[in-house]
Amino acid sequence: MAGARNSWPPRNVPCWPARCCPPTITCCSPKTTARARYDSILATLAREPELFDAILLNARGEVCEGARSNVFVERDGTLLTPPVDCGLLPGVLRRSLLDSGAAVERVLRAEDLQRSTGVFLGNAVRGLIPVIVDR
């Protein structure tokens, strides 16, 4: 883990804005089968190009995922990511960080996005992107 810590999270990299959506998605409705909400969010992102992504909360108010990424919160030097039970797609980058010990699963709430050392959105194509969450 010590070696992995040196390569992430990115430092001295500009942060992209991300928006936290209200808790209205149904838990465990992956975006591959429940497209309407994701398509609507992605259309909004296309109209607001300064936003990198939208962070979705499940019906229990837990952080779920981004419309096109997984969510990671840094706390006390550790990357935390929601468990699949929160209703997210597991993601290749997320799985890789979990398998390497660079991230651990934790149920997160919207307030964790504000109280963390850093918030990152990531996927296998873009890697980890630091973001500033706009409520």
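This note goes through the predicted model point by point, from the overall fold to individual residues.

1. Overall make-up. The protein chain of this predicted model has four helices and eight strands as its secondary structure, and along the sequence these elements follow the order α-β-α-β-β-β-β-α-β-α-β-β. Of the 135 residues in the chain, 46% are buried. Among the contacts with a separation of 6 or more, 63% join residues that lie 24 or more positions apart.

2. Surface and rings. The accessible surface of the protein chain amounts to about 6,700 Å², and carbon and sulfur atoms contribute 55% of that area. A reader looking for aromatic pairs will find zero of them in the structure. There is, however, a charge placed over a ring: the charged end of Arg68 sits over the ring of Phe52, at 5.8 Å from the ring centre.

3. The two sides of helix α3. This helix spans residues 92–100, and its buried residues are Leu93, Arg94, Leu97 and Leu98. Viewed down the helix axis, the buried residues of α3 fall within an arc of 135°, so they line one face of the helix. As general background, an α-helix has 3.6 residues a turn, so residues three or four places apart point the same way. Val92 and Asp99, on the other side of α3, are exposed.

4. What α3 packs against. The buried residues of α3 pack against the strands β4 (70–75), β5 (78–81), β6 (103–105), β7 (118–123) and β8 (127–134). Just after the helix comes Gly101, which takes a positive phi of about 85°.

5. A buried polar residue, Asn70. What does the side chain of Asn70 reach? Asn70 lies in strand β4 and has a relative accessible area of 6%, which means that it is buried, the cut-off being under 20%. Its side chain reaches the backbone oxygen of Leu89 at 3.0 Å. Leaving aside residues up to four places away in sequence, Asn70 touches Leu88, Leu89, Pro90, Gly91, Arg94, Phe120, Leu121 and Gly122. Arg94 in this list is one of the buried residues of α3, while residues 118–123 form β7.

6. The loop between β7 and β8. Both Ala124 and Val125 are placed in this loop. Are these two residues buried or exposed? Ala124 is exposed, with a relative accessible area of 56%, and Val125 also counts as exposed, at 78% relative accessibility. Even so, Ala124 touches Val92 and Leu93, not counting residues up to four places away in sequence; of these two partners, Val92 is exposed and Leu93 is buried. From C-alpha to C-alpha, Ala124 is 8.8 Å from Ser69 in space, although the two are 55 residues apart in sequence. Val125 and Val92 are 33 residues apart in sequence, and their C-alpha atoms are 9.4 Å apart in space.

7. A backbone angle to check at Asp76. This residue is found in the loop between β4 and β5, and it has a positive phi of about 50° although it is not a glycine. By way of context, most residues other than glycine have a negative phi. Asp76 is also exposed, with a relative accessible area of 73%.

Notes. Residues are numbered from 1 along each chain as its sequence is written. This is a predicted model: local features need pLDDT of at least 70, side-chain atom pairs count only at pLDDT 80 or more; totals for chains, interfaces and linings use all residues. Side-chain values use heavy atoms; hydrogens and water are left out. Buried means under 20% relative accessible area, exposed over 50%, partly exposed in between (1.4 Å probe, protein chains only). Contact means heavy atoms within 4.5 Å. Accessible areas come from the Shrake-Rupley method with a 1.4 Å probe; for residues, only the protein chains shown count as cover. Rings of Phe, Tyr and Trp (its six-membered ring) pair if their centres lie within 6.5 Å; planes under 30 degrees apart count as stacked, over 60 as edge-to-face and the rest as tilted. A charge sits over a ring if NZ of Lys or CZ of Arg is within 6 Å of the ring centre and within 35 degrees of the ring normal. The arc is that of the directions from the helix axis to the C-beta atoms. A polar contact is a pair of N or O atoms within 3.5 Å; within protein, one must be able to donate a hydrogen and the other to accept it, and residues adjacent in sequence count only if both atoms are side-chain atoms.
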